[in-house]
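Here are my notes for a first look at this one. Have the viewer open as you read, and take the points in order.

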Amino acid sequence: MKSDKEIKKEFKQLASKSPDKYYATSILKEDGFKRKKCSKCGTFFWAVTEDDVCGDPSCSGGFRFIGNTPAAKKLDYIGVWNEFSKLFKKWGYTPINRYPVTARWRQDADFVQASIYDFQPYVVSGEVEPPANPLVVPQLCLRFNDIDNIGITGAHYSCFDMIGQHAFMKPDKWDQARHFKDIHNWLKQGLGLKNEEIKFHEDAWAGGGNFGPCMEYFSRGLELGNQVYMLYEVTPSGNKELSLKVLDMGMGHERNAWFTQGLSTSYETTFPTVVEKLKQQTGIKIDQEMMQKFLPYSSYLNVDEVEDIEKTWNLVAKKTGYGVKELKKQISESAALYSIAEHSRALLVALSDGALPSNVGGGYNLRVLFRRAMSLMDKYNWKIEFNELCKLHALYLKPLYPELSENLNEVNEILDVEKKKYAATKEKTKSIISKLMQEKIDEKKLLMLYDSQGIAPELVKEEAEKLGREVKIPDNFYALVSEMHEKHGQEHETKREEKLDLENLQETEALYYDDPFKTESKGKVLKIIGSNIILDKTVAYPTSGGQLHDIGKINDDELIDVFKQGNIIVHVLKEKPKFKIGDAVTVKIDKERREQLAQHHTATHIVGTAARKVLGNHINQAGAKKTKEKATLDITHYQSLSDEEIKKIENESNKIVNSKTEIIKKFYPRTEAEKKFGMNIYQGGAVPGKKLRIVQIKGLDVQACGGTHLNNTSEAGKIKILKSTKISDSIVRIEFTAGKAAEKELEGKNRILEEAAKLLGVEINELPSRVQELFDRWKKAKKAAKKAFKGDVLAEISKILQTQHEHIVKTIKRFLEEIEKSGKN
């Protein structure tokens with residue numbers, strides 16, 4: 001199988017031989033453009049001028065629009081989208097709102113990295129209708145491979161807006177020339193560019209088994225966008241035309257605003273209010289003359305594309321007429337300021353959309369951004385109110401992204417927690433580094449320190465210098481860190497699946513969706529594979545969505561497992577069946593188990609809703625498990641839950657139960673569900689299929705869910721939270737029971753209280769004061785033990801207490817928490 005890179009290279013060569021077939025050359029020729037071949041890199045490009053170099057900055061002499069933009073229209077950041085959406089609406093496109101940067105509808109990504117992510121995989125495959133066709137979208141994206149370039153090149157970001165121009169058309173409706181003409185008209189009418197200032201590059205694109213031509217467009221060394229045409233797919237028998245052709249134009253919002261204003265960096269045009277605030281707070285005076293000379297060549301310093309970065313710095317210094325040390329010092333300081341501005345916006349967007357910094361997964365890269373910003377502030381001894389920067393970003397972006405202003409309080413809380421964690425890391429840094437000074441601190445060691453201890457390389461370098469040691473930080477350090485934490489699969493996906501030969505079988509009709517209390521059904525046997533049975537329809541629920549399968553009987557044969565393969569439900573018997581293919585059979589499931597599982601599944605949605613109300617909108621489901629005995633819900637949260645918070649969540653959950661709220665279960669086409677309810681419907685991971693089953697606790701919660709659910713919240717019965725555990729840096733597990741299981745749990749606790757009272761020789765109502773008295777005695781013993789013993793203090797306390805109160809020690813340990821949780825204290 002060829003790689004995407006090989007497919008792209010081959011197709012680019014093929015397309016270059018027949019440009020009229022693969023590119024909208026008729027539109028270019030109408031406007032006087034001629035095809036040329038770059039004398040430096042060999043790229044085929046189109047221009048109306050007579051020169052023989054393409055528009056790439058490395059060929060054409062860097063960025064040449066700074067201080068001298070050819071754009072007749074001067075557009076600020078907000079103005080770019082306003083103008084773009086106005087023109088494209090006039091030309092027949094529908095502007096839509098952005099999707100969240102947290103890509104919960106996808107199995108293969110934590111974050112949206114391009115506007116086309118919004119429509120993968122279902123719209124692009126033709127399985128689902130797009131929200132509009134054609135459309136444009138101001139899609140915020142997150143990528144972490146360019147962190148080291150931020151601030152240096154003047155154009156790189158971890159969070160950026162990719163303005164998307166998209167169309168999803170059958171071959172007979174596909175009009176590549178029209179879409180190309182529209183983007184060309186944007187350059188002429190939207191930006192006010194003359195054709196003499198535009199160069200179009202022929203190129204190719206490949207990814208995910210699809211490929212096609214693309215056209216990049218440049219002006220004065222800056223790539224403004226790239227229009228991709230996904231036309232073909234790779235198959236075992238060869239390349240074939242796609243049944244749905246896709247337009248995927250991605251245009252840098254930040255670059256277009258920068259280009260029209262011609263300022264020294266794109267950061268000044270992307271977040272002008274924040275940059276101005278930072279200049280005031282830091283007292284930095286940007287040397288505009290140096291920046292004017294440096295910025296045209298800043299693109300040369302892209303660490304992803306340069307083999308010898310020191311050699312390149314020397315080249316840039318020579319071109320600007322400054323010494324390398326002088327240039328590096330000034331640029332590094334301004335780059336730090338711009339990085340802090342950029343990272344604060346990236347964190348605002350990610351945290352507002354429900355992501356959390358973490359030591360694992362995609363959240364790890366958010367922590368990288370935060371700690372990089374903090375270490376830069378430490379390095380230059382800048383006193384900057386980071387939270388205030390987020391507020392300024394939200395205010396500036398309000399006309400375009402009003403939602404960023406709605407979650408500022410929560411964003412501040414999360415950032416405050418991160419500050420405390422960073423401060424704790426700094427404290428331990430000195431002692432760790434002093435021990436390491438005898439070792440060689442190389443790239444591998446720096447990566448290990450950052451990954452396992454959270455110690456920034458800048459801190460290592462600073463401490464090492466104090467001890468007379470030199471530490472070299474790789475120029476692409478943060479890109480290397482990011483690579484270590486690329487996503488390899490959704491943590492919160494829970495399913496049970498085997499692979500059987502089920503070809504040509506029809507989809508199983510699931511009868512459990514509408515009535516959770518339906519426990520019997522008749523069906524026809526379609527296939528038997530050993531003890532695996534496939535019926536045309538069934539009431540039996542398969543393991544999925546964290547909910548365990550039903551058990552019961554098919555006729556007289558014991559049913560021990562149920563799972564789903566694709567859209568087919570497979571029943572597993574204890575032994576091979578007595579019936580045969582074509583027989584009509586009766587499925588009977590365990591009624592008590594089904595009801596309890598339904599109570600626990602609905603209670604999971606209720607507890608999640610309650611947790612969101614108590615803790616904030618950043619709460620999302622990261623995993624769940626529902627058994628007959630109990631349920632667990634993993635929520636995204638940045639710290640352990642206090643006893644008070646647990647009690648509030650439990651009380652709020654039971655309020656929802658007692659509100660007797662209707663639970664509505666209905667199937668919707670995927671696009672309609674997303675439009676109607678938003679992207680937060682994806683709480684338990686990606687959900688496949690053209691249609692989504694939406695479960696609504698009316699007015700309180702909406703989720704895409706295929707589980708067995710009750711008809712009213714009152715049917716869940718009492719909800720009892722058993723405990724809460726922090727299972728990772730950004731995930732908290734809540735364990736609880738509901739309905740009959742909760743009743744059994746409470747009965748057990750009442751027995752424990754009776755036993756405790758009996759052991760202590762008091763009545764139940766006297767138990768709290770008696771335990772408090774014993775607890776006070778325990779604290780006094782602990783204090784005495786600290787003075788008396790140098791070893792394991794707790795072990796010594798246990799010895800003292802055991803000698804004096806052997807029958808009481810266990811009682812305190814066992815019952816104190818139980819009494820408090822039962823509300824008796």
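1. Let's start with the cysteines, keeping in mind that this is a predicted model. The disulfide count comes to zero. C54 is a good place to check: the nearest cysteine sulfur belongs to C38 and is 3.7 Å away. A disulfide needs the two sulfur atoms within 2.5 Å, so C54 is in no disulfide.

2. Is C54 buried or exposed? With a relative accessible area of 1%, C54 is buried, because anything under 20% counts as buried. C214 gets the label for the same reason, since its relative accessible area is also 1%.

3. Now go to the hairpin of β1 and β2. Strand β1 covers residues 34-37 and strand β2 covers residues 44-47; they run antiparallel and are joined by four bridges. If you want a pair to click on, R35 stands opposite W46 in β2. Six residues lie between the strands, and one residue of this hairpin, G42, takes a positive phi near 85°.

4. Next comes an open sheet. How many strands does it have, and in what order? There are four, arranged β18-β19-β24-β23, with antiparallel pairing. The edges are β18 (621-626) and β23 (719-728), each of which pairs on one side only. On average, neighbouring strands here are turned by 15° against each other, ignoring direction.

5. Stay with that sheet and zoom in on β23 and β24. Strand β24 spans residues 731-738 and pairs with β23 in the antiparallel sense over eight bridges. Among these partners, T725 is matched with R733 in β24.

6. Two helices to look for on this sheet. Helix α19 (residues 591-615) packs on it and touches β18, β19 (631-636), β23 and β24, with its direction at about 135° to that of β24. Helix α20 (residues 643-658) also packs on the sheet, where it touches β23 and β24. The direction of α20 makes about 135° with that of β23.

7. Last stop: helices α11 (residues 309-320) and α12 (residues 324-352). Their axes come within 9 Å and cross at roughly 100°, which means α11 is roughly perpendicular to α12. On the α11 side, the contact is made by E310, W313, N314, V316, A317 and T320. From α12 come V324, L327, K328 and I331. Sorted by class, the contact of α11 with α12 has six nonpolar, two polar and two charged residues.

Definitions and conventions. Residues are numbered from 1 along each chain as its sequence is written. This is a predicted model: local features need pLDDT of at least 70, side-chain atom pairs count only at pLDDT 80 or more; totals for chains, interfaces and linings use all residues. Side-chain values use heavy atoms; hydrogens and water are left out. Two strands pair if DSSP finds at least two bridges between them. Axes are lines fitted to C-alpha atoms, for helices over the stretch in contact, and angles run from 0 to 180 degrees between N-to-C directions. Contact means heavy atoms within 4.5 Å. Buried means under 20% relative accessible area, exposed over 50%, partly exposed in between (1.4 Å probe, protein chains only). Angles under 35 degrees count as roughly parallel, over 145 as roughly antiparallel, 65 to 115 as roughly perpendicular and the rest as oblique. Ala, Val, Leu, Ile, Met, Phe, Trp, Tyr, Cys and Pro count as nonpolar, Asp, Glu, Lys and Arg as charged, and the others, Gly among them, as polar.
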